[in-house]
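I set out to look up a few places in this structure and to keep a short record of each. The entries follow the order in which I looked.

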Amino acid sequence: MSEAAIAAQLAAAELAGDSPELDAELLLADLLGVSRTYLATWPERELSAAEQAAYRERLARRRSGEPVAYILGEQGFWTLQLGCDASTLIPRPETELLVEQALGLALPARAAVVDLGTGSGAIALALASERPAWQLLAVDAQPAAVALAERNRARCQLDNVTLLVSDWFAELGGRQFDLIVSNPPYIDSGDPHLSRGDLRFEPHSALVAGPDGLAGLRQIIGAAPRHLNAGGWLLVEHGYHQAEPVAALFTAAGFGGVQGCRDLNGVPRTTLGQWR
Ligand SMILES: C[S@@+](CC[C@H](N)C(=O)[O-])C[C@H]1O[C@@H](n2cnc3c(N)ncnc32)[C@H](O)[C@@H]1O
C-alpha cells in the first residue's frame with residue numbers, strides 16, 4: 001500500500017456493504033485530514049507506517065460491520081456536522097423530511113418547540129439553526145444521548161436549544177408548546193433487521209418500541225394534547241407500514257387535519273396533526 005488513491009481502492013475491495021469505495025475513501029480522507037477530492041488529485045501521497053496501521057484498524061472495524069459514522073465519530077445532517085456515538089441513533093437523511101415539514105408549518109415567530117427523543121440533537125439543532133427566534137427544548141431518556149446532544153449544541157453554537165433528560169413528557173410539568181416533533185424508536189422487537197447491518201451497532205433504546213413498534217408513538221400521541229397550545233402541531237416520524245395505525249392514534253387523541261407524508265422514495269414516513 002504505497003499511495004493514497006490505490007490504498008482506498010484496495011480497501012474498498014475488502015469491504016462489504018452498499019458503498020465500499022465511498023466508505024474506504026471517507027475513512028482514509030478523515031484519517032489524513034484531507035478531502036476525498038484530495039485523494040483523487042494527489043494519488044502520489046505516501047502513507048507513513050503509522051497511517052497505514054491506523055487505516056488498517058479502521059478497515060477492520062468497518063469489515064466487522066461497524067457503521068462509518070461511528071468510526072468517524074460524526075455524521076452530516078441538514079446543514080450541520082454532528083458528533084455521533086453508540087448512545088443513540090446515527091441521524092438519517094430520511095429524517096430531514098421531518099425538519100422540512102416543521103419549517104413549513106404556520107407557527108408563531110417565537111414558537112416554543114419540543115423534540116422528544118432528540119438523540120444526537122439532530123432535529124432540534126437543525127430547526128434551531130433555521131429559526132433563531134424559536135425556543136427549542138430537546139429531551140431524551142438516555143443521559144449519554146443528552147450529553148452528546150449538548151456537545152453538538154455547543155459545536156453548532158446554537159443558544160436557542162435547551163437539553164433535558166426526560167422520559168418523554170415526564171419532566172416537563174405542565175409546559176405547553178406550539179410544535180412537538182419526534183422521531184421515536186418504532187421497530188418491533190421481533191424485526192429480523194435488528195440483527196443486520198448498521199442496526200446491530202445502534203442501541204435498542206433508540207430503535208425498539210415493544211412487540212408492534214408503536215409503544216413510543218402511542219405514549220407520545222396520547223400525552224401530546226396536554227402539552228400543546230391551541231392550534232399547535234404534533235409531527236412524528238414512523239415506520240413505512242405504520243401510517244394507518246399512527247393516523248388512527250392521532251384521530252383517537254382528538255387531532256384534526258391528520259395527514260401522512262411520503263419521503264422522496266414514495267415511502268410513508270411522517271404523520272402530522274393539529275390540536276384545536
Ligand atoms: C430513533 S432515535 C432518534 C434520535 C434523533 N431524534 C434522530 O432523529 O436522529 C430515538 C431516540 O429516542 C430516545 N428515547 C427512547 N425512549 C425514550 C423515552 N421514553 N423518553 C425519551 N427519549 C426516549 C432514544 O434514546 C433515542 O435517542
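I began with Gln157, which I located in the loop between α8 (143-156) and β5 (161-165). For helices and strands I used DSSP runs numbered from the N terminus, helices being H or I of at least four residues and strands E of at least two. I noted that the model is predicted; local features need pLDDT of at least 70, side-chain atom pairs count only at pLDDT 80 or more, and totals for chains, interfaces and linings use all residues. Residues are numbered from 1 along each chain as its sequence is written.

Gln157 has a positive phi of about 55 degrees, although it is not a glycine. Most residues other than glycine have a negative phi. Is Gln157 buried or exposed? I entered Gln157 as exposed, because it has 7 C-beta neighbours inside 10 Å. The cut-offs are 20 or more other C-beta atoms within 10 Å for buried, 12 or fewer for exposed, and partly exposed in between, with C-beta atoms placed from the backbone.

I then turned to Trp168, in the loop between β5 and β6 (177-182). Trp168 is not a glycine either, and its phi is positive, about 45 degrees. I entered Trp168 as buried, because 22 other C-beta atoms lie within 10 Å.

My next entry was Pro211, in the loop between α9 and α10 (215-223). Pro211 counts as exposed because 10 other C-beta atoms lie within 10 Å. Which residues does Pro211 touch, if those up to four places away in sequence are not counted? I found Asp188, Ser189 and Gly190, a contact being C-beta atoms, placed from the backbone, within 7 Å. I also noted Tyr186, 25 residues from Pro211 along the chain, with 9.9 Å between the two C-alpha atoms.

I went on to the sheet. In what order do the 7 strands of the open sheet stand? I read β5-β4-β3-β6-β7-β9-β8, with mixed pairing; two strands pair if DSSP finds at least two bridges between them. β5 and β8 stand at the edges with a single partner strand each, so one side of each has no neighbour in the sheet. Neighbouring strands are turned by 15 degrees against each other on average, direction ignored. Axes are lines fitted to C-alpha atoms, for helices over the stretch in contact, and angles run from 0 to 180 degrees between N-to-C directions.

At the β5 edge, I counted 5 bridges between β4 and β5, which pair in the parallel sense. Ala138 stands opposite Leu163 in β5. Helix α11 (residues 243-253) packs on the sheet and touches β7 (228-237), β8 and β9, its direction making about 10 degrees with that of β9.

At the other edge, β8 (residues 256-262) and β9 (residues 268-274) run antiparallel and are joined by 5 bridges. Gln259 has Leu272 in β9 as its bridge partner. The two strands form a hairpin with 5 residues between them, and Gly266 in the turn has a positive phi of about 80 degrees.

Finally I examined the ligand. Of the 24 residues around it, Gly117, Gly119, Ala141, Asn183 and Ala206 come nearest; a residue counts as near if its C-beta atom, placed from the backbone, lies within 6 Å. α7 (122-130), β4 (135-140) and α9 (204-207) each supply at least two residues of this shell.

How values were computed: Contact = placed C-beta atoms within 7 Å.
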